[in-house]
Each structure stands twice: as structure tokens, then as C-alpha cells.
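Please open the model in a viewer that can select residues by number and display side chains. The tour below proceeds by selection, with a short account of what appears at each stop.

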Amino acid sequence: MKTLSSVQCFGGLQNQYEHLSGTLNCAMQFSVYLPPQALAGQRVPVVYWLSGLTCTDQNFATKAGAQRAAAELGIAIVMPDTSPRGEGVPDDADKAYDFGLGAGFYVDAKQVPWNIHYNMYSYVVHELPELVEAGLPVTGVRSVFGHSMGGHGALTIALRNPARYQSVSAFSPIVSPTRCPWGQKALGLYLGEDPAQWKMHDAVELIRGGAPQLPMLVDQGLADNFLASQLKTELLEAACRDIAYEAEIRYQAGYDHSYYFIATFIEDHLRFHASHLCTNPEAVRFSPS
């Protein structure tokens with residue numbers, strides 16, 4: 001890993017790194033918040049944040065206001081980019097925001113030309129944690145959360161790999177990409193036109209298919225203009241109810257799809273994860289409403 005920047009924040013460090021990814025076949029940047037406990041010689045657990053469409057590794061780091069609570073709780077936050085980048089990495093022909101660069105959808109692409117670089121699922125699940133755990137003062141104890149497309153990524157990655165994550169949460173997730181325009185476009189182009197191949201990347205389908213129970217928290221703003229057309233939170237709620245899958249799904253009146261929403265409830269999510277990551281129990285005060 002090459003360090004690109006490092007700034008002090010709440011007694012810890014907000015860092016940005018670059019490395020050559022063998023999974024994505026390009027150079028990748030990612031950000032990490034290391035709490036003060038990590039700088040004092042402790043190895044700390046990690047929460048992986050997966051961002052939404054158009055984002056890089058910097059959006060969450062600069063807008064969510066997560067560092068103060070992470071410093072108190074002794075949690076590192078790893079923030080990968082949302083897609084491969086660089087010269088030679090293909091993009092949507094029309095430069096659309098919902099496919100290609102900035103829109104990797106956390107899948108391993110099967111279709112040419114996307115399959116050479118767009119392998120974000122394997123990058124997040126395997127390559128990035130191996131790199132982080134080998135090079136930074138963190139443990140192998142992990143949780144995962146995300147927003148919108150990243151909420152989809154967090155839910156599906158955790159549901160498919162329950163032994164790797166202690167908990168999962170999401171803000172405004174795309175809960176069923178097989179049933180919305182964003183997901184149908186991305187899954188069709190990355191994976192092919194057979195919808196049967198898409199189901200493993202759909203949180204609703206995974207839960208209905210018997211995915212193991214994980215601690216789960218979802219926050220959805222009721223003023224989100226994507227709620228009805230793209231996010232469809234009610235499908236996740238129905239699947240959890242029908243299968244008796246225990247999940248805390250909260251609707252927040254007046255909140256939209258923006259980082260103002262995320263910043264408002266980010267501490268709730270970090271405390272939720274801390275309660276499952278074996279951090280200081282006296283510092284964890286999460287009470288689902």
C-alpha cells in the first residue's frame with residue numbers, strides 16, 4: 001500500500017491509500033479511519049463502508065461525520081471506491097451515472113468487456129480485507145454497511161458470507177435490484193440477460209432463500225425520491241416478516257437520500273456494529289427504536 005494522504009482526526013488518522021489490485025486489474029484507492037486505539041498499539045475491529053452510485057472512497061470520509069463515534073468506540077472504518085478506475089477501464093457508452101465507472105454494483109462481472117475489471121464483489125470480500133489486515137493494526141473481526149447501491153452491496157455480501165461479518169446495516173439500500181431499473185440495467189450488463197443469475201445479488205431473494213440470520217439494521221428516509229421506484233424497502237420488510245428474519249427496519253420521516261440523512265444516523269449504525277464487534281461494552285449504547 002502506498003499512503004497518499006494522512007490527517008489527524010479525533011485523535012486518530014484519516015488516511016488514503018493506493019495499491020495495484022490483481023482482482024480489478026488496475027490501481028485502486030481506498031480510505032481508512034484508524035481510531036486512536038489503533039495508534040496506541042491495539043488491533044481494532046473494522047467496519048467496511050460501501051458507497052453508492054457516483055461516489056469514490058472520499059464521499060463518506062468527508063461527509064458522514066463518522067470519525068468521532070468511531071474514535072470513541074475503537075472501530076476502524078475502511079472505505080473502498082465504488083468501481084475500478086483508470087486508463088483502459090471501460091465505462092458506459094453514454095457516460096450514464098448508473099453503470100460503469102462509479103457504479104460497480106458490488107458484483108463480479110461475467111460479460112465482456114466488464115469481466116476484466118469489474119469484480120467488486122471479490123475485491124470487497126477477499127482482496128481488500130486481506131490487504132488491510134496484513135498492513136494495518138486491525139483484527140479479522142469485521143462488519144459491513146453501506147448506502148444505496150452500497151447498501152445493496154453490504155446486504156448481499158453479508159448474507160452470502162455470514163461467517164465473515166458480525167453484523168450488517170444499510171442506509172436507503174437497493175433491496176431488490178432484480179425488481180428496479182438501476183439493478184436490472186447493471187445486473188443485465190454485468191452478468192447477462194438471464195434473471196436467474198441475478199438472484200444471488202438480491203437481498204430479498206437471499207432472505208427468502210434461507211440466508212442465515214445476521215444482526216441487521218436498515219434506515220430509510222420517507223422523503224427519499226428513489227424509495228418507490230428504485231429502493232422498494234417494503235419488499236425487504238415483507239421478506240423478513242414472511243421468513244421470520246429478525247431485522248430492525250426503520251423509516252425516518254422527512255429524510256431524503258443524501259449524506260445529511262447518513263450523518264444524522266451514522267452514530268446509531270456505528271454503535272449497532274460496535275455492540276457486535278466485541279468493543280468496549282461501556283461505550284456502546286445502541287437501543288433500536
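Select D242 and display its side chain: D242 is partly exposed, with a relative accessible area of 47%. Here buried means under 20% relative accessible area, exposed over 50%, and partly exposed in between, computed with a 1.4 Å probe on protein chains only. This is a predicted model, in which local features need pLDDT of at least 70 and side-chain atom pairs count only at pLDDT 80 or more, while totals for chains, interfaces and linings use all residues. Residues are numbered from 1 along each chain as its sequence is written, and side-chain values use heavy atoms, with hydrogens and water left out.

Add R208, which is also partly exposed, at a relative accessible area of 38%. The side chains of R208 and D242 form a salt bridge with an N to O distance of 2.9 Å. A salt bridge requires a side-chain nitrogen of Lys or Arg within 4 Å of a carboxyl oxygen of Asp or Glu. R208 belongs to helix α7 (residues 203-208) and D242 to helix α9 (residues 233-243), so the pair ties together parts that are 34 residues apart in sequence. Helices (H or I, at least four residues) and strands (E, at least two) are DSSP runs, numbered from the N terminus.

Next, select R68, E72, E267 and R271. Salt bridges that share partners join R68, E72, E267 and R271 into one network. By the rule given above, the count comes to 14 salt bridges.

**K185 and its two partners**

Move to K185, which is partly exposed at a relative accessible area of 27%. Which residue forms a salt bridge with K185 at 2.8 Å between the closest N and O atoms? It is D98. K185 lies in helix α6 and D98 in the loop between β5 and α4, so the pair ties together parts that are 87 residues apart in sequence. D98 is buried, with a relative accessible area of 12%.

Now add D92, which forms a salt bridge with K185, the closest N and O atoms being 3.9 Å apart. This pair links distant parts of the chain, with D92 in the loop between β5 (76-80) and α4, K185 in helix α6, and their positions 93 residues apart. D92 is buried, with a relative accessible area of 10%.

**Helix α6**

Select residues 181-191 to display α6; its buried residues are W182, G183, A186, L187, G188, Y190 and L191. What covers these buried residues includes α8 (227-231), where contact means heavy atoms within 4.5 Å. Just after α6, G192 takes a positive phi of about 110°.

**The nonpolar cores**

Y190 and L236 are the residues with the most contacts inside the largest nonpolar core, which has 67 residues. Such a core is a set of buried Ala, Val, Leu, Ile, Met, Phe, Trp, Tyr and Cys residues joined through side-chain atoms within 4.5 Å. Helix α4 (residues 120-135) supplies the largest share of this core, seven residues. Another core lies apart from it, with 26 residues, among them A61, A64, A66 and L270.

Centre the view on L236. Leaving aside neighbours within four places in sequence, L236 is in contact with L155, V175, V204, I207, V218 and I249.

**Aromatic pairs**

A search of the whole structure finds 16 aromatic pairs. Rings of Phe, Tyr and Trp (its six-membered ring) pair if their centres lie within 6.5 Å; planes under 30 degrees apart count as stacked, over 60 as edge-to-face and the rest as tilted. Select W114 and Y118: their ring centres are 5.6 Å apart and their planes stand at 80°, so the pair is edge-to-face. Both W114 and Y118 are buried.

Add Y190 to the selection. The rings of W114 and Y190 have their centres 6.2 Å apart and their planes at 90°, so this pair is edge-to-face. W114 lies in the loop between β5 and α4 and Y190 in helix α6, so the pair ties together parts that are 76 residues apart in sequence. For a further stop, select W49, F60, F145, F171, Y255, F261 and F265, which ring pairs link into a cluster.

**Backbone stops**

Select V112 and P113: the peptide bond from V112 to P113 is cis, with omega near 0°. P113 lies in the loop between β5 and α4. Y106 lies in the loop between β5 and α4, and its phi is near 55°, a positive value in a residue other than glycine. Y106 counts as buried, at 0% relative accessibility.

Finish at F10, in the loop between β1 (2-9) and β2 (12-21). F10 has a positive phi of about 50° although it is not a glycine.
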